[in-house]
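Biologist: Please give me a close look at one part of this model, starting from a single strand residue and following its contacts outwards. I'd be glad of one connected account, with the numbers kept in.

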Amino acid sequence: MSCYPHLDVSAGDAWNHTFLYADLDSYDVNGDPIAGDPIPLTGMSARLDVRDEDGDLITTASTDNGLLTITAAAGQIDLAMPASDTALLAPTRRRELIAALRIWDTADYDNSAKTIAIYTLVAVPSKVGGA
């Protein structure tokens, strides 16, 4: 069992998700963080790498390949991964994968790249199409 927050995806279905990059102002009664003001992402690029249990790269979504888009002032990163990419995640069985979200200043990757979130990605085969 992973200590990372979970994201769920149905492999073989389109996957849309919004990530918010914000200050953590405080914690609720359960100890979960409460997001504060968004952190602007002006001039930034982003990449979400999904890796298997052995650390091998399965697929990538990025601002370069158009699967991630940034709304800079809102601190928002939107993912729109097509079914053809999610089909690679769990073709025949449920899998727990690792998804890491990185951002960087588009003009200076070497000095600005940082991981802002790591998730356990729970992928299950799609039931679309009678499977």
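Modeller: Happy to! Strands here are DSSP runs of type E with at least two residues, and they are numbered from the N terminus. In that numbering, Thr59 belongs to strand E6. Please keep in mind throughout that this is a predicted model.

Let's begin with how much of Thr59 is accessible. Its relative accessible area is 8%, so Thr59 is buried, the cut-off for that word being under 20%. Beyond the residues up to four places away in sequence, Thr59 touches Leu48, Asp49 and Val50, and also Met81, Asp85, Leu88 and Leu89. Several of these names will come back, so they make good signposts.

Take Leu48 first. The largest nonpolar core contains 26 residues, and Leu48 and Leu121 are the ones with the most contacts inside it. Six strands each give two or more residues to this core: E1 (6–11), E2 (15–20), E5 (44–51), E8 (76–81), E9 (95–105) and E10 (114–125). As general background, nonpolar side chains in soluble globular proteins tend to be buried together.

From Leu121 the picture widens. Leaving out residues up to four places away in sequence, Leu121 touches Leu7, Val9, Trp15, Val50, Leu89, Arg95, Glu96, Leu97 and Ala99. Val50 and Leu89 also appear among the residues that Thr59 touches, while Arg95 in the Leu121 list leads us to the charged groups.

Arg95 sits in strand E9. With a relative accessible area of 13%, Arg95 is below the cut-off and therefore counts as buried. Beyond its neighbours within four places in sequence, Arg95 is in contact with Asp52, Glu53, Ile58, Leu88, Leu89, Ala90, Leu121, Val122 and Ala123. One of these, Glu53, makes a polar contact with the Arg95 side chain through its own side chain at 3.3 Å. The two side chains also meet in a salt bridge, with an N to O distance of 3.3 Å. Because Arg95 lies in E9 and Glu53 in the loop between E5 and strand E6 (57–62), this pair ties together parts that are 42 residues apart in sequence. The two partners are not alike in accessibility: Arg95 is buried at 13%, whereas Glu53 is partly exposed at 47%.

That pair is one of three salt bridges in the structure. In another, Asp49 pairs with Arg47, and their closest N and O atoms are 2.7 Å apart. Asp49 was already on the list of residues that Thr59 touches. Here, too, the acid and the base have separate labels: Asp49 is buried at 10% relative accessibility, and Arg47 is partly exposed at 31%. The side chains of Arg94 and Glu96 also form a salt bridge, 3.3 Å from N to O. Arg94 is partly exposed at 48%, and Glu96 is partly exposed at 32%. Glu96 is a familiar name as well, since Leu121 touches it.

Now let's follow two of the core strands, E2 and E8, into a sheet. E2, E8 and E7 form an open sheet of three strands, in the order E2-E8-E7 and with antiparallel pairing. E2 and E7 are the edge strands, each pairing on one side only. From one strand to the next, the twist averages 15°. On the E2 side, E2 and E8 pair over six bridges, and His17 stands opposite Leu79 in E8. On the other side, four bridges join E7 (residues 68–71) to E8, and Leu68 stands opposite that same Leu79. E7 and E8 also form a hairpin with four residues between them, and Gly75 in the turn has a positive phi of about 65°.

One last stop is helix H2, which covers residues 109–112 and includes Ser112. The Ser112 side chain reaches the backbone nitrogen of Asp105 at 2.8 Å. Apart from its neighbours within four places in sequence, Ser112 is in contact with Ile103, Trp104 and Asp105. Ser112 and Met44 are 68 residues apart along the chain, and their C-alpha atoms are separated by 9.5 Å.

So, to retrace the route: Thr59 touches Leu48, Leu48 and Leu121 have the most contacts inside the core, and Leu121 touches Arg95, whose side chain meets that of Glu53 in a salt bridge.

Methods: Residues numbered from 1 in each chain as written. Predicted model: local features only at pLDDT ≥ 70, side-chain atom pairs only at ≥ 80, totals over all residues. Heavy atoms only, no water. Core = buried A, V, L, I, M, F, W, Y, C linked by side-chain atoms within 4.5 Å. Buried < 20%, exposed > 50% of the residue type's maximum accessible area, 1.4 Å probe, protein only. Contact = heavy atoms within 4.5 Å. Polar contact = N/O pair within 3.5 Å; in protein donor to acceptor, adjacent residues only side chain to side chain. Salt bridge = Lys/Arg side-chain N within 4 Å of Asp/Glu carboxyl O. Pairing = 2+ DSSP bridges. Axes fitted to C-alpha atoms, helices over the stretch in contact; angles between N-to-C directions.
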